[in-house]
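Reader: Got a minute for this one? Let's walk through it together.
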Amino acid sequence: MRRCLAEKSAEQLQEIERHKLNAMNAFAETQTCRRLLLLNYFGENQQQPCGNCDIFLDPPKRYDGLIDAQKVLSCIYRTGQRFGIGYIVDILRGENHQRIREFDHDKLPVYGLGKEQNHEHWVSVCRELIHMGLVNQNIAHFSALQLTEAARPILRGEVPLQLAFARILSKKSRNQQNKNYQGHYDKKLFAKLRQLRKVIANEENIPPFVVFNDATLIEMAERCPVGSNELLLINGVGQRKLARFGEAFMTLIRDHLADFE
Ligand SMILES: [Zn+2]
(Lines give C-alpha, C1' and ligand atoms only; values in the text may rest on other atoms or scores of the structure.)
Protein backbone atom coordinates (compact mmCIF):
# COMPACT_ATOMS: atom_id res chain seq x y z
CA MET A 1 0.00 0.00 0.00
CA ARG A 2 2.85 2.37 0.78
CA ARG A 3 4.24 1.73 -2.72
CA CYS A 4 0.82 2.43 -4.27
CA LEU A 5 0.77 5.73 -2.38
CA ALA A 6 4.17 6.72 -3.70
CA GLU A 7 2.91 6.28 -7.26
CA LYS A 8 0.02 8.70 -6.85
CA SER A 9 0.76 12.24 -7.97
CA ALA A 10 -1.68 14.70 -6.39
CA GLU A 11 -0.38 15.77 -3.00
CA GLN A 12 -3.84 16.07 -1.49
CA LEU A 13 -4.84 12.63 -2.69
CA GLN A 14 -1.74 11.21 -1.03
CA GLU A 15 -2.63 12.99 2.19
CA ILE A 16 -6.07 11.39 2.26
CA GLU A 17 -4.70 7.97 1.38
CA ARG A 18 -2.08 8.31 4.11
CA HIS A 19 -4.79 9.15 6.58
CA LYS A 20 -6.75 6.06 5.56
CA LEU A 21 -3.66 3.92 5.93
CA ASN A 22 -3.17 5.33 9.44
CA ALA A 23 -6.80 4.68 10.25
CA MET A 24 -6.43 1.07 9.12
CA ASN A 25 -3.30 0.80 11.23
CA ALA A 26 -5.22 2.21 14.18
CA PHE A 27 -7.97 -0.35 13.64
CA ALA A 28 -5.39 -3.13 13.87
CA GLU A 29 -3.78 -1.66 16.99
CA THR A 30 -6.90 -0.55 18.81
CA GLN A 31 -7.27 -1.18 22.52
CA THR A 32 -10.94 -0.28 22.56
CA CYS A 33 -13.95 -2.02 21.09
CA ARG A 34 -13.38 -2.45 17.35
CA ARG A 35 -17.00 -1.75 16.59
CA LEU A 36 -16.75 1.59 18.40
CA LEU A 37 -13.70 2.45 16.34
CA LEU A 38 -15.54 1.75 13.09
CA LEU A 39 -18.57 3.76 14.17
CA ASN A 40 -16.39 6.70 15.21
CA TYR A 41 -14.50 6.51 11.92
CA PHE A 42 -17.80 6.98 10.10
CA GLY A 43 -18.79 9.85 12.38
CA GLU A 44 -21.14 8.06 14.80
CA ASN A 45 -19.65 9.00 18.14
CA GLN A 46 -20.84 6.05 20.22
CA GLN A 47 -19.61 5.34 23.72
CA GLN A 48 -20.94 1.85 24.49
CA PRO A 49 -18.66 -1.12 23.67
CA CYS A 50 -20.32 -3.97 21.76
CA GLY A 51 -19.50 -6.85 24.09
CA ASN A 52 -18.53 -9.37 21.44
CA CYS A 53 -15.40 -8.31 19.56
CA ASP A 54 -11.93 -9.76 20.22
CA ILE A 55 -10.94 -6.79 22.40
CA PHE A 56 -13.91 -7.56 24.62
CA LEU A 57 -13.12 -11.29 24.71
CA ASP A 58 -9.39 -10.80 25.38
CA PRO A 59 -9.35 -7.47 27.19
CA PRO A 60 -6.17 -5.40 27.45
CA LYS A 61 -4.83 -4.47 30.91
CA ARG A 62 -6.16 -1.09 32.02
CA TYR A 63 -4.97 1.69 34.31
CA ASP A 64 -6.27 5.00 35.64
CA GLY A 65 -5.55 7.09 32.55
CA LEU A 66 -7.16 10.40 33.50
CA ILE A 67 -3.87 12.27 33.93
CA ASP A 68 -2.39 10.87 30.70
CA ALA A 69 -5.57 11.80 28.82
CA GLN A 70 -5.49 15.32 30.28
CA LYS A 71 -1.88 15.79 29.22
CA VAL A 72 -2.73 14.86 25.61
CA LEU A 73 -5.98 16.85 25.47
CA SER A 74 -4.34 19.90 27.02
CA CYS A 75 -1.44 19.68 24.58
CA ILE A 76 -3.85 19.50 21.62
CA TYR A 77 -5.79 22.47 22.97
CA ARG A 78 -2.77 24.63 23.74
CA THR A 79 -1.28 24.14 20.28
CA GLY A 80 -4.50 25.33 18.63
CA GLN A 81 -5.86 21.92 17.47
CA ARG A 82 -3.79 22.15 14.28
CA PHE A 83 -1.29 19.30 14.67
CA GLY A 84 -1.19 15.54 14.16
CA ILE A 85 -0.31 12.73 16.56
CA GLY A 86 3.45 12.75 15.91
CA TYR A 87 3.89 16.41 16.70
CA ILE A 88 1.69 16.32 19.81
CA VAL A 89 3.68 13.35 21.12
CA ASP A 90 6.96 15.15 20.40
CA ILE A 91 5.86 18.13 22.52
CA LEU A 92 4.77 15.90 25.40
CA ARG A 93 8.07 14.05 25.21
CA GLY A 94 9.97 17.33 25.21
CA GLU A 95 11.70 16.64 21.89
CA ASN A 96 14.07 19.37 20.88
CA HIS A 97 13.42 19.99 17.19
CA GLN A 98 13.32 23.06 15.05
CA ARG A 99 9.60 23.07 14.28
CA ILE A 100 8.73 23.01 17.99
CA ARG A 101 11.16 25.86 18.67
CA GLU A 102 9.84 27.92 15.74
CA PHE A 103 6.30 27.72 17.12
CA ASP A 104 7.61 28.48 20.65
CA HIS A 105 5.92 25.27 21.75
CA ASP A 106 8.93 24.46 23.92
CA LYS A 107 7.68 27.26 26.18
CA LEU A 108 4.29 25.63 26.79
CA PRO A 109 3.58 24.17 30.24
CA VAL A 110 2.81 20.81 28.57
CA TYR A 111 6.25 20.65 26.92
CA GLY A 112 8.12 17.64 28.28
CA LEU A 113 5.24 16.74 30.58
CA GLY A 114 5.25 13.15 29.31
CA LYS A 115 9.01 12.62 29.29
CA GLU A 116 8.86 9.64 31.61
CA GLN A 117 6.91 7.57 29.06
CA ASN A 118 8.18 6.56 25.64
CA HIS A 119 6.93 7.55 22.18
CA GLU A 120 4.80 4.42 21.66
CA HIS A 121 3.01 4.95 24.95
CA TRP A 122 1.80 8.42 23.93
CA VAL A 123 0.87 7.37 20.40
CA SER A 124 -1.23 4.64 21.97
CA VAL A 125 -2.92 7.14 24.34
CA CYS A 126 -3.70 9.48 21.40
CA ARG A 127 -5.15 6.63 19.36
CA GLU A 128 -7.27 5.48 22.27
CA LEU A 129 -8.68 8.97 22.81
CA ILE A 130 -9.57 9.06 19.11
CA HIS A 131 -11.25 5.66 19.30
CA MET A 132 -13.20 6.77 22.36
CA GLY A 133 -14.53 9.79 20.47
CA LEU A 134 -12.80 12.38 22.69
CA VAL A 135 -10.59 13.53 19.84
CA ASN A 136 -11.25 13.81 16.11
CA GLN A 137 -8.66 13.49 13.38
CA ASN A 138 -9.41 16.11 10.75
CA ILE A 139 -8.77 14.32 7.45
CA ALA A 140 -9.15 17.49 5.41
CA HIS A 141 -6.50 19.25 7.50
CA PHE A 142 -3.32 17.14 7.77
CA SER A 143 -5.01 14.70 10.19
CA ALA A 144 -4.90 17.44 12.85
CA LEU A 145 -6.23 16.37 16.26
CA GLN A 146 -9.25 18.30 17.52
CA LEU A 147 -11.19 18.01 20.76
CA THR A 148 -14.82 16.92 20.77
CA GLU A 149 -17.47 17.98 23.31
CA ALA A 150 -16.82 14.72 25.16
CA ALA A 151 -13.29 15.90 26.01
CA ARG A 152 -14.51 18.72 28.29
CA PRO A 153 -15.40 16.70 31.43
CA ILE A 154 -12.11 14.79 31.07
CA LEU A 155 -10.09 18.02 30.90
CA ARG A 156 -11.94 19.30 33.98
CA GLY A 157 -11.30 15.99 35.75
CA GLU A 158 -15.00 15.48 36.38
CA VAL A 159 -15.16 11.83 35.28
CA PRO A 160 -12.79 8.88 35.66
CA LEU A 161 -11.07 7.45 32.60
CA GLN A 162 -9.49 4.05 32.13
CA LEU A 163 -6.86 3.57 29.43
CA ALA A 164 -5.21 0.39 28.22
CA PHE A 165 -1.52 -0.37 28.44
CA ALA A 166 -0.16 -0.27 24.89
CA ARG A 167 -0.03 -3.73 23.36
CA ILE A 168 2.80 -2.61 21.13
CA LEU A 169 4.93 -2.25 24.24
CA SER A 170 4.33 -5.78 25.39
CA LYS A 171 5.08 -6.99 21.87
CA LYS A 172 8.30 -5.00 21.86
CA SER A 173 9.35 -6.34 25.23
CA ARG A 174 8.77 -9.78 23.73
CA ASN A 175 11.16 -8.81 20.94
CA GLN A 176 13.49 -7.58 23.63
CA GLN A 177 13.37 -11.02 25.24
CA ASN A 178 14.17 -12.68 21.92
CA LYS A 179 17.09 -10.32 21.59
CA ASN A 180 18.30 -11.21 25.06
CA TYR A 181 18.08 -14.84 24.11
CA GLN A 182 20.25 -14.45 21.01
CA GLY A 183 22.77 -12.08 22.56
CA HIS A 184 21.80 -8.88 24.24
CA TYR A 185 21.33 -6.58 21.25
CA ASP A 186 19.46 -6.70 17.96
CA LYS A 187 22.06 -7.97 15.49
CA LYS A 188 19.98 -7.16 12.41
CA LEU A 189 19.55 -3.59 13.55
CA PHE A 190 23.25 -3.37 14.34
CA ALA A 191 24.08 -4.46 10.76
CA LYS A 192 21.72 -1.79 9.39
CA LEU A 193 23.26 0.88 11.66
CA ARG A 194 26.74 -0.03 10.47
CA GLN A 195 25.59 0.16 6.86
CA LEU A 196 24.15 3.64 7.46
CA ARG A 197 27.37 4.71 9.19
CA LYS A 198 29.34 3.57 6.13
CA VAL A 199 27.10 5.54 3.76
CA ILE A 200 27.41 8.70 5.87
CA ALA A 201 31.17 8.29 6.27
CA ASN A 202 31.56 7.94 2.49
CA GLU A 203 29.37 10.95 1.81
CA GLU A 204 31.18 13.13 4.33
CA ASN A 205 34.56 11.69 3.47
CA ILE A 206 35.43 10.87 7.09
CA PRO A 207 36.37 7.56 8.78
CA PRO A 208 33.31 5.59 10.05
CA PHE A 209 34.36 5.75 13.72
CA VAL A 210 34.15 9.54 13.55
CA VAL A 211 30.41 9.15 12.87
CA PHE A 212 29.87 6.72 15.80
CA ASN A 213 32.04 3.90 17.12
CA ASP A 214 30.91 0.27 17.34
CA ALA A 215 30.12 0.44 21.06
CA THR A 216 27.73 3.33 20.39
CA LEU A 217 26.01 1.43 17.57
CA ILE A 218 25.67 -1.67 19.76
CA GLU A 219 24.07 0.40 22.49
CA MET A 220 21.67 1.86 19.89
CA ALA A 221 20.83 -1.65 18.70
CA GLU A 222 20.16 -2.60 22.31
CA ARG A 223 18.08 0.38 23.43
CA CYS A 224 16.45 1.40 20.13
CA PRO A 225 16.23 5.16 20.78
CA VAL A 226 13.56 6.81 18.58
CA GLY A 227 13.64 10.33 20.04
CA SER A 228 16.40 12.90 20.56
CA ASN A 229 16.29 12.64 24.36
CA GLU A 230 16.64 8.87 24.27
CA LEU A 231 19.43 9.09 21.72
CA LEU A 232 21.33 11.55 23.92
CA LEU A 233 21.37 8.94 26.70
CA ILE A 234 23.53 6.66 24.54
CA ASN A 235 27.27 6.78 25.22
CA GLY A 236 29.07 8.60 22.43
CA VAL A 237 26.12 10.76 21.37
CA GLY A 238 26.41 14.46 22.21
CA GLN A 239 24.45 17.50 21.04
CA ARG A 240 26.78 18.05 18.09
CA LYS A 241 26.53 14.49 16.75
CA LEU A 242 22.85 14.45 17.51
CA ALA A 243 22.35 17.50 15.30
CA ARG A 244 24.61 16.15 12.58
CA PHE A 245 23.63 12.46 12.38
CA GLY A 246 20.76 11.94 14.84
CA GLU A 247 17.82 12.16 12.49
CA ALA A 248 19.24 9.61 10.02
CA PHE A 249 19.87 7.03 12.75
CA MET A 250 16.53 7.58 14.51
CA THR A 251 14.69 7.26 11.21
CA LEU A 252 16.45 3.97 10.55
CA ILE A 253 15.60 2.67 14.04
CA ARG A 254 11.95 3.74 13.72
CA ASP A 255 11.66 1.98 10.35
CA HIS A 256 13.31 -1.09 11.82
CA LEU A 257 10.86 -1.18 14.75
CA ALA A 258 7.95 -0.61 12.37
CA ASP A 259 9.02 -3.71 10.42
CA PHE A 260 8.52 -5.75 13.57
CA GLU A 261 4.87 -4.79 13.85
ZN1 LIG B 1 -16.44 -4.54 20.77
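Author: Sure. One term to start: helices here are DSSP runs of H or I with at least four residues, numbered from the N terminus. Keep in mind that this is a predicted model.

Reader: OK. What follows α11?
Author: Asn-205. Its phi is positive, near 60°.

Reader: And the helix itself, how many residues does α11 have?
Author: It has 18, residues 187-204. From first C-alpha to last, α11 reaches 26 Å. That is close to the 26 Å expected at 1.5 Å a residue.

Reader: Which residues of α11 are buried?
Author: Leu-189, Leu-193 and Arg-197. They cover an arc of only 80° around the axis, so they sit on the same side of α11.

Reader: What does the face turned away from that buried side carry?
Author: Exposed residues: Lys-187, Ala-191, Gln-195, Lys-198 and Asn-202.

Reader: Switching to strands. Which side chains of β2 are buried?
Author: Val-135 and Gln-137, which point to one face. Asn-136 and Asn-138 point to the other face and are not buried. In a regular strand the side chains alternate between the two faces of the sheet. β2, residues 135-138, shows that alternation.

Reader: How many bridges join β2 to β3?
Author: Four. β3 covers residues 144-147, and the two strands run antiparallel.

Reader: Which residue in β3 is the bridge partner of Val-135?
Author: Leu-147. So that buried β2 residue has a named partner across the pair.

Reader: What do β2 and β3 form, then?
Author: A hairpin, with five residues between the strands. In the turn, Phe-142 has a positive phi of about 55°.

Reader: Zooming out. Which domains does the assignment give?
Author: Domain 1 is 2-171 and domain 2 is 185-260. Their C-alpha centres lie 28 Å apart.

Reader: How many residues does the contact take from each?
Author: Seven from domain 1 and four from domain 2.

Reader: And by class, what is on the domain 1 side?
Author: Four polar and three charged residues touch domain 2 there, with no nonpolar ones.

Conventions
Residues are numbered from 1 along each chain as its sequence is written. This is a predicted model: local features need pLDDT of at least 70, side-chain atom pairs count only at pLDDT 80 or more; totals for chains, interfaces and linings use all residues. Domain bounds come from an automatic or database domain assignment. Two residues are in contact if their C-beta atoms, placed from the backbone, lie within 7 Å. Ala, Val, Leu, Ile, Met, Phe, Trp, Tyr, Cys and Pro count as nonpolar, Asp, Glu, Lys and Arg as charged, and the others, Gly among them, as polar. The expected span of a helix is 1.5 Å times one less than its number of residues. A residue is buried if 20 or more other C-beta atoms lie within 10 Å of its own, exposed if 12 or fewer, and partly exposed in between; C-beta atoms are placed from the backbone. The arc is that of the directions from the helix axis to the C-beta atoms. Two strands pair if DSSP finds at least two bridges between them.
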